[in-house]
Amino acid sequence: VLASFVAVWAFGFTLNTMSLLGLSLAIGILIDDAIVVRENIVRHLAMGKSHVQAALEGTEEIGLAVLATTFTIVAVFIPVAFMGGIIGRFFLQFGVTVAAAVLLSLFVSFTLDPMLSSVWADPHPAPGARKTWLQRAGGWIDAAMDALHALYGRALAWALRRRKTALVIALASFLGSFALVPLIGSEFVPEADLGEAQVNIKTPVGSSLEYTLAKTRQAEAALREFAEVQDTYATVNSGATIGKNNAQIYVQLVPRKQRKLSQAKLQKPLRERLQRIGGIEVSVGTPGGMGGGKPIQVSLLGPDIAELGRIAEQVKAKMAGIRGVVDIDSSLEASRPTLAIDIRRDLASDLGVGVEQIGGALRPLVAGTAASSWKAPDGESYDVRVRLPSEQRSSAADLKDLRIASSRAESDGSPRMVPLQQVATFKPITGASRIDRKNLHREVLIGANASGRPAGDISAELLPLLKTIELPSGYSFSMGGSTKDMQETLGYAAAALALAVIFIYLILASQFKSFLQPVAIMSALPLSLVGVFLALLVTGSTLNIFSIIGFIMLMGLVTKNAILLVDFANQAVAAGKTRIEALLEAGQVRLRPILMTTAAMIFGMLPMALGLGEGGSQRSPMAHAVIGGLITSTLLTLIVVPVIYTYTEQLGAWALKRLRASGADAAPIGVRHEPAHT
């Protein structure tokens, strides 16, 4: 771990959430190589060899398997580090940090660990001496392991006799796990409980600043009725809430240990209380977050804003009928009251008044113009704006009396002053509050929050309903928010997963000098899905960016057990044993290191799985997926991989026989010659 900080520094990374997350997840992985090497050295010591001889021969015997397992982990994390999109930027430092740490652990397991094993003898109690509690516990563990060895030996022997039955059970478990997916749910990023909330308030269009401020103070008072609320901070018409009818309240909650409800569950009672305040629209969510905005978004595009408004109402009606959808709003706000001034151009031209002159006169008088700046005693500078007093610009009658300087002069040479009402008519109308555009089209964005259900499930239910809306020609819709981010993430994650599988196969094929044996080893990959789905369902986690990365991590972890089995089976076959004898012996010899490394990885990830601390629940799905996948893949790998190994070896022998029959001179790489009695 300490040497990994050097790699973090060398790559220009920092100690942040992702680099430290990588190291915390890698804690259980980093000792795996050392466990396998040390366990094999102890096995050779039990044969009566000296410490130096056991260290040399034990490390040499297990070297291929350790190299293969480490390189497969690196082959998984490098594609993860270089994924595109948001997920790629998110996990770059994570992937590189883990890959560097694993390579360093390989170096230590091949150097420091054998050296210590050669000079550091284990203490043995004197005959008749009283055993300590630790020695007694070790004896109990050994007895339990002996019973487990016997049980596993019988199960493996049965599977090798009933190979088709074993494969059918494994296949049924794999396919049956997909039935759990609809029960799990999906979202982009799980909400972290950081003890904060954000309330957006909107008053009717045209509301005064004083009215919005009064409603905001009323909402703050309502929020402080909750014992879980510690502080509030409100902004009106500033920051991200531009507009006199917009306000935002940041809510700081008391620490998680001091409240009964989580941040997500507290949003519902807060929302219900604020909705009892008349004259406002409220939205309760989490401040910040990846991607920004509400998690459920529908973008409507088209040429006519009125038609977009009609379609938006249909979309909002569809949304309202879905369970879990709250805080529905639209970017198409109500029309704003406006006073239109129509210039009678012919008459204005006769009087020497142009449209530009009228606009240039009205702008400073009504809207005001910055004439100077003033430095206040507090050191701040303020613009000095000059315009008519409010009582002279509060109605259309006031504007009618405004006089515009004409280009024509009076008899005394002064410019003629023309009343505005003489060259213009005034008409109250309504105008758009805002106009949004996207891809050269007008856009209306409908957003909503999710309550009690993952946003991904709601979006999946909403999409078929949206397709039932008949859109006129030239109009279209698209999903945005976390749904868009999730779809992008799945694409990049699938590409990284495909690359990882290809790299793993190439590494295994080169290490084992076989094209078929990697197939037997990689059969452990799909079996890990069973545990992933079960663990996510049991813990209440969802399929999200973290659990997906956890599943990709499994691709490098679950092959370790299969590599240990296949490597020893190859050595036993080369020593003259039959294939079945080799597999039974490999299972017995490699069961202990397989269980030890699996337990080390599980306990190393357990703190993250518990989601301790503020925001820990956001990252825990990654550990849930890894732990569940490790448990089921280990159980199934110990049975299924030996069975598939027998089929791949039979296929290789059959291919060799066909090649010889066709007159081929040399056996292809990967076809292993076995003794005649197999």
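This talk goes through a few helices, one sheet, some salt bridges and some backbone outliers of a single structure. The model is a predicted one, so please keep that in mind throughout.

I'll start with the sheet. It is open and has four strands, in the order β2-β3-β1-β4, with antiparallel pairing. As a reminder, strands of a sheet pair through backbone hydrogen bonds, either parallel or antiparallel. The edges here are β2 and β4, the latter covering residues 281–285, and each of these two pairs on one side only. If you ignore direction, neighbouring strands are turned by 20° against each other on average.

Now across the sheet, one pairing at a time. Between β2 and β3 there are seven bridges, and the two strands run antiparallel. Within that pairing, T235 has Q248 in β3 as its bridge partner. Next come β3 and β1, which are also antiparallel and are joined by seven bridges. There, E196 sits opposite Q252 of β3. The last pairing is β1 with β4, antiparallel over five bridges. One bridge pair to look at is V199 with V284, the latter in β4.

How well covered is β1, residues 196–202? Mostly: of its seven residues, five are buried.

Staying with this region, look at the loop between β2, residues 229–236, and β3, residues 246–253, which is where N237 is placed. N237 has a phi near 55°, a positive value in a residue that is not glycine. For background, most residues other than glycine have a negative phi. N237 counts as partly exposed, at 30% relative accessibility.

There is a second case of this kind. L440 is not a glycine either, and its phi is positive, about 65°. L440 belongs to the loop between β13, residues 436–438, and β14, residues 441–450. Is L440 buried or exposed? With a relative accessible area of 81%, L440 is exposed.

On to the helices. α4 spans residues 51–81 and α5 spans residues 85–119; they pack at an angle of about 175°, and their axes are 10 Å apart. Angles over 145 degrees count as roughly antiparallel, and therefore α4 and α5 are roughly antiparallel to each other. Sorted by class, the residues in this contact are 22 nonpolar, nine polar and no charged.

The other helix I want to show is α21, residues 559–574. It has 16 residues and reaches 22 Å from first C-alpha to last, close to the 22 Å expected at 1.5 Å a residue. Why call α21 largely enclosed by the rest of the structure? Because 14 of its 16 residues are buried. Just after α21 comes G576, with a positive phi of about 110°.

Last topic, salt bridges. In general, side chains of opposite charge can pair when their charged atoms come close. Searching the whole structure gives 14 salt bridges, and I'll pick out three pairs and one network.

The first pair is E57 with K49, where the closest N and O atoms are 2.4 Å apart. Both ends are partly exposed: E57 has 29% relative accessibility, and K49 has 21%.

The second pair is R592 with D142, at 3.8 Å from N to O. R592 is in helix α22, residues 579–610, and D142 is in helix α6, residues 133–161, so this pair ties together parts that are 450 residues apart in sequence. R592 is partly exposed, with a relative accessible area of 26%, and D142 is also partly exposed, at 37%.

The third pair is E313 with K316, at 3.9 Å from N to O. What separates these two along the chain? They are three residues apart in helix α11, residues 305–320, which means about one helical turn between them. K316 is partly exposed, with a relative accessible area of 23%.

The network consists of D32, D33 and K560, joined by salt bridges that share partners.

That is the end of the tour, and I can take questions on any of these regions.

Technical notes. Residues are numbered from 1 along each chain as its sequence is written. This is a predicted model: local features need pLDDT of at least 70, side-chain atom pairs count only at pLDDT 80 or more; totals for chains, interfaces and linings use all residues. Side-chain values use heavy atoms; hydrogens and water are left out. Axes are lines fitted to C-alpha atoms, for helices over the stretch in contact, and angles run from 0 to 180 degrees between N-to-C directions. Angles under 35 degrees count as roughly parallel, over 145 as roughly antiparallel, 65 to 115 as roughly perpendicular and the rest as oblique. Ala, Val, Leu, Ile, Met, Phe, Trp, Tyr, Cys and Pro count as nonpolar, Asp, Glu, Lys and Arg as charged, and the others, Gly among them, as polar. A salt bridge is a side-chain nitrogen of Lys or Arg within 4 Å of a carboxyl oxygen of Asp or Glu. Buried means under 20% relative accessible area, exposed over 50%, partly exposed in between (1.4 Å probe, protein chains only). The expected span of a helix is 1.5 Å times one less than its number of residues. Two strands pair if DSSP finds at least two bridges between them.
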